[in-house]
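Hi everyone, thanks for coming. I'd like to spend a few minutes on how the inside of this structure is put together, so let me bring it up on the screen.

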Amino acid sequence: MTKEMKKELENLGQKVLQDIEKKENPSIEIPIRALSNVIFDKKAGQLTLGDKTAKRYYFNVAHAKKFMQTLMVASFSKQLIDQKIHASIRDMYYNLKRTLPNSDENTFDEQSESDPIIVDLEVAIDVLREQLHLTTDRKGIVAGNVKIQDRGDIIDWSKLGSGGWSIPSTVDEVDFKKVDAEFVLVVEKNAGFERLHEDKFWQKHNCILIGTGGQPSRGTRLLIQRLNDEHKLPVYVFCDSDSYGFYIYSVIKSGSISLAHVSDRISTPSARYLGLTVSDIYEYDLKKAAIKAKDVDIKRAKELLNYEWFKKNPRWQKEINLLIEKGIKAEIEALSHRGLKFMSEEYLPEKIKKKDFLD
Amino acid sequence: MSERKKAEDFAKEQKEISVSEFFEKNKHLLGFDNPTKSLLMAVKEAVDNSLDACEEAGILPDLVVKIKNVKEDIYIVSVSDNGPGIVKEQIPRIFGKLLYGSKFHRLKQSRGQQGIGISSVTLYSQLTTGVPTKVWSKVESKKKTHYCELHLDTTKNEPDVIKEEDIEKDILGEHGVKIDMEIHGRYRKTVEDYLKQTSISNPFAKIMYTAPDGTKTTFPRSLNELPKPSKTMRPHPHGMEFGILQRLLQKTSSRTLLSFLTNEFSSVGQQSAKEICKSAKLQDSMKPQDMERGDIEKLIKSMQTSKVQRPPTDCLSPIGEAELEKSLKKEYPSAEFITSIKREPEVYRGFPFLIEVGIVYGFQEGKKKDDDEKREDSIELIRFANRVPLLYQQSACALTDAVKGVDWRRYNMQQSGNNLPVGQMKLVIHICSVWVPFVSESKEAVASYPEIIKETKLALQDAGRKLASYLSGKRRVGEQKRRLQIFDRYSGEVASAIAILVGKPEKEVEKKLKSLIESRAHIKEDTPEEKEQGK
């Protein structure tokens, strides 16, 4: 895999060099990542990138700097691969930031300038950031009856005390040594993870417990996908009952608009939504713990109604409409209103037993 | 009840006012409204006369101007020339009588036209210091220099000669005139501005100037040739007014109206003279002296509306396009861009006139201003009438109106509303005519005749187009330079990145890239913006 990556980067350099030698305007072709070029693939149940591309030219005042930046990121990544080391995207920003000769212009002024270039490069040569040896902060925790091998070390996810294993940004080189579980439960919040971990939920129900800490990182999404794909484990997603929670589920399942180009590699189309639903608020008598939905929640919910992957399921339409009509939402912690162990001992087992999932 | 005055009583108090007395009380009408301006007027009148004299005599003018501070606000203005000199009989009247001169009754382009100028300085000097005006004149190298001290008798408007003698001392070279006037005034840099501008409009003149503090400045000539002498013009029928026509009819030696018209006027031949008589319903055999008021009225109406040729234009003496440009280059050697325009002669009220415009763009003068200040400065407008700089009453002048009436934004200059444009520019406008219409006797502002404003605007637009094409060329070059700088700036990083990606020496890639950048130096356009294209 590493060898291929080097080849892709080399090809990019060769192409530009050929342009120079042929006295042509050097260019890099990059698929467009705007919403206009994002397609929902119904068959695969994923967001994917369309086939529109744009060329980034060197001899164009509007492109020249990005052209330079793209090549700089590519060469930085090639060096990482050559030296078999990884760097965080922040490391990269600092490493590449410098002042250009005879000017007060910097190669990069802020990290917000270098981050999108990485994504440009991903789509241009069709690779993942992780494969370019670029990492992000760790985000997401996992626990369960699983043994893995990571950079030579064997790690047992069942023996990590109160903490769990924090998921690195690159999990594609992690080897699963033993997976003993019946399903994967993804919890949106770290607090929810802590509650279930302390209650030994994963032990009692023989599952793998993953806390995403909000919008899941790419590493977490890839881990979920690998568990689902390689070990055929069903994935249940457990989020707040609000537009944000619903969208987190949607990202895990179908991919996100901004990262549509990697959907097929890190999304899990078979993931199911376990809860909370708006109906649950009424069914489990949580009305007193519910919160009034704000205007932004309502607005976002109306947008979700129109997303194709929410459109095709009448139950989703019902839930989202209920949120808009009643104007209420609820956090997963609202379950504690019925007692601290209500979540792990009554709500979740009942839901899983009844297979009361939204698709 | 007070006693009523009778008409006879009034009659005792009523008496003639001489022109000199009138101007004595109304100095401002001649331009002597404040000490600064008065000093300048003295220099200006003497210089204008010297230049006129030299030009008419076909002599390349060498002028020496000196201003000496006698005490506090008393100055001696001394101007000498190498002109033809003045015969001794004429000296007193030229310098000591208002409205005396050779230029009033003829239609010919000259600096002075009314015969007021220099004698008004004599009058002003006598009013403020009482010191007589001193004149030296030499008409031939063999003859002695004639010296004369004089006043002006204001009640009679006649010269009052105090001293007159031939002197041995040779202060004038071959020939010429020197005049010393002691006046009350205040010295400002306007004198120098006036001389500098005079040097621009009279590129064939050399002026050596000594300021009150002793500083000497020489304004050299940029042209060693006098302009072609301008011809005197007979009046044109379109410019006729009742009084003038009446006088001409009385004075003429022509026997018939027909011959009067063909002899006394320009552009009138047999055919058009007959037409004029016909449309005025007058016999062309009439005796001019016998014409009555009603006849003259009919004649003038017919003359003004008749179709006759334009007046001749050989009576005009413009600076010339190439000459003005050369002259401006001499005066503003650091200017970025200089251009000039000479229009064809046009006519107002039967008087031919011609407009010339010069533009000096991007100059460095004095201390460098920062960008903010520069942006706020209006352009400098330099106005000339018959080669004489107009230094005052800019806002009352038709030439200024014409500048404000042009949309300078079209020529890449900044301008807000109908104001003077803003920027690093000097605008030179010269109107020459056999009779320049001034707003007042002090000759500081040109009167607003629509023909003059229109023609001046056209000249400014011609020059503006030349400026705009220079500025847009400059902008294009600057833009292209900036583009190449950007590509060049990024080339190091790009070359190094490519070298790492393909595993080749950085130097080799950089050399190729640099040569590509150079080969594209001439390309001005960007490749079209990022285009979407299907795979």
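Let's go straight to the largest nonpolar core of this predicted model. That core has 65 residues, and the members touching the most others are Val142(A), Val184(A), Val186(A), Ile208(A), Leu209(A), Val237(A) and Phe238(A). Which helix gives this core its largest share? That is α8 of chain A, residues 243-254, with five residues. And where does the core sit relative to the domains of chain A? Domain 1 (2-135) and domain 2 (141-354) each contribute residues, so the core lies between them.

Let me pick out Val237(A) for a moment. Setting aside neighbours within four places in sequence, Val237(A) contacts Val186(A), Tyr249(A) and Ile252(A), along with Ala271(A), Arg272(A), Tyr273(A) and Leu274(A).

There is also a second, separate core, this one of 50 residues. Among its members are Phe351(B), Ala385(B), Val388(B) and Met425(B).

As background, nonpolar side chains tend to be buried together in soluble globular proteins.

Stepping back to chain A as a whole, we have 14 helices and 17 strands. Of its 359 residues, 44% count as buried. If you take contacts in chain A between residues at least 6 apart in sequence, 71% join residues at least 24 apart.

Last stop, helix α6 of chain B, residues 190-201. At 1.5 Å a residue, its twelve residues should span 16 Å, and the end C-alpha atoms are indeed 16 Å apart, so the two agree. Its buried residues include Val191(B), Tyr194(B), Leu195(B) and Ile200(B), and also Gln197(B) and Thr198(B).

Happy to rotate the view for anyone who wants another look!

Technical notes: Residues numbered from 1 in each chain as written. Chains lettered and ligands numbered in written order. Predicted model: local features only at pLDDT ≥ 70, side-chain atom pairs only at ≥ 80, totals over all residues. Core = buried A, V, L, I, M, F, W, Y, C linked by C-beta atoms within 7 Å. Buried ≥ 20, exposed ≤ 12 C-beta atoms within 10 Å, placed from the backbone. Helix = DSSP H or I, 4+ residues; strand = E, 2+ residues; numbered from the N terminus. Domains from an automatic or database assignment. Contact = placed C-beta atoms within 7 Å. Expected span 1.5 Å × (residues − 1).
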